[in-house]
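Hi,

Here is the structure I promised to pass on. Have a look at it first, and my notes follow underneath.

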Amino acid sequence: MGRDTIAEIITSIRNTHMDGKRTVRIPSSNINEKIVKLLLKEGFIESVRNHRENNKNFLVLTLQHINTKKRTFNNILNLKRISRPGLRMYSKSKKIPKILGGMGVVILSTSRGIMTDREARLQRIGGEILCYIW
């Protein structure tokens, strides 16, 4: 049985966020890099860097934090895997769900690559709903 790499990175980010830690290390792959670029572009993570250890490549993510005079705390970050290997979820361009009335992000895998719900609506293409982020 194969591994669900998207669920693994979502779980790693969620667990790191809930523990109050600032950085998380995930395995590097093409699909992971594309999802991380979308998270970076949407402002859910602060920075990304490549790391090589024992001939394996990793992505080191720095989660977004808010600094105030009194203390530093995490932004509220929620991630949910929707489509999974046992149950694929697809959506047409007009029926892509809006998370929190458009405040959240839906990540889709389309025929033109991995993109957010906003980009998919603009290009009028549907695809597999990978995850929700809000």
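T116 sits in strand β9, which covers residues 113-116. This is a predicted model, so please read everything below as computed from it. With a relative accessible area of 1%, T116 falls under the 20% cut-off and therefore counts as buried. Setting aside neighbours within four places in sequence, T116 is in contact with L38, E42, V105, V106 and L108.

Next comes D117, which belongs to helix α3 (residues 117-123). Is D117 buried or exposed? Its relative accessibility is 2%, so D117 counts as buried. Beyond four places in sequence, D117 touches I96, P97, G104, V105, V106 and L108. For one of those, V105, there is a C-alpha to C-alpha figure: D117 and V105 are 6.5 Å apart in space and 12 residues apart in sequence.

Another acidic residue to look at is D4, in the segment before α1. D4 has a relative accessible area of 19%, and because the cut-off for buried is under 20%, D4 is still classed as buried. Its contacts, again without neighbours up to four places away, are R81, R84 and P85.

Now for α1 itself. The 15 residues of this helix should span 21 Å at 1.5 Å a residue, and the end C-alpha atoms of α1 are indeed 21 Å apart, so the two agree. The buried residues of α1 are I6, I9, I10, I13, T16 and H17. They cover an arc of only 135 degrees around the axis, which means they lie on the same side of α1. As background, an α-helix has 3.6 residues a turn, so residues three or four places apart point the same way. On the face turned away from the buried side, α1 carries the exposed residues M18 and D19. Right after the helix comes G20, with a positive phi near 80 degrees.

On to the nonpolar cores. The largest one has 23 residues, and the members touching the most others are I13, I26, I35, L39, L61, I107 and I133. At least two residues of this core come from each of α1 (5-19), β1 (23-27), α2 (30-42), β3 (56-63), β8 (105-110) and β10 (127-133). There is also a second, separate core of 10 residues, which includes I99, M115, I125 and I129. In general, nonpolar side chains tend to be buried together in soluble globular proteins.

Within the largest core, L39 is a handy place to start browsing. Which residues does L39 contact, leaving aside neighbours within four places in sequence? They are I13, F44, I45 and I133.

F44 is placed in the loop between α2 and β2 (45-53). Its relative accessibility is 18%, so F44 counts as buried. Apart from neighbours within four places, F44 contacts L39, Q64, L77, V105, I133 and W134. By contrast, T11 is 33 residues from F44 along the chain, and their C-alpha atoms are separated by 15 Å.

Last, the aromatics. How many aromatic pairs does a search of the whole structure find? The count is 0. There is a charge over a ring, though: the charged end of R25 sits over the ring of F58, 4.0 Å from the ring centre.

Cheers

Conventions: Residues numbered from 1 in each chain as written. Predicted model: local features only at pLDDT ≥ 70, side-chain atom pairs only at ≥ 80, totals over all residues. Heavy atoms only, no water. Core = buried A, V, L, I, M, F, W, Y, C linked by side-chain atoms within 4.5 Å. Buried < 20%, exposed > 50% of the residue type's maximum accessible area, 1.4 Å probe, protein only. Helix = DSSP H or I, 4+ residues; strand = E, 2+ residues; numbered from the N terminus. Contact = heavy atoms within 4.5 Å. Expected span 1.5 Å × (residues − 1). Arc of directions from axis to C-beta. Phe/Tyr/Trp six-rings, centres within 6.5 Å; stacked < 30°, edge-to-face > 60°. Lys NZ or Arg CZ within 6 Å of the ring centre and 35° of its normal.
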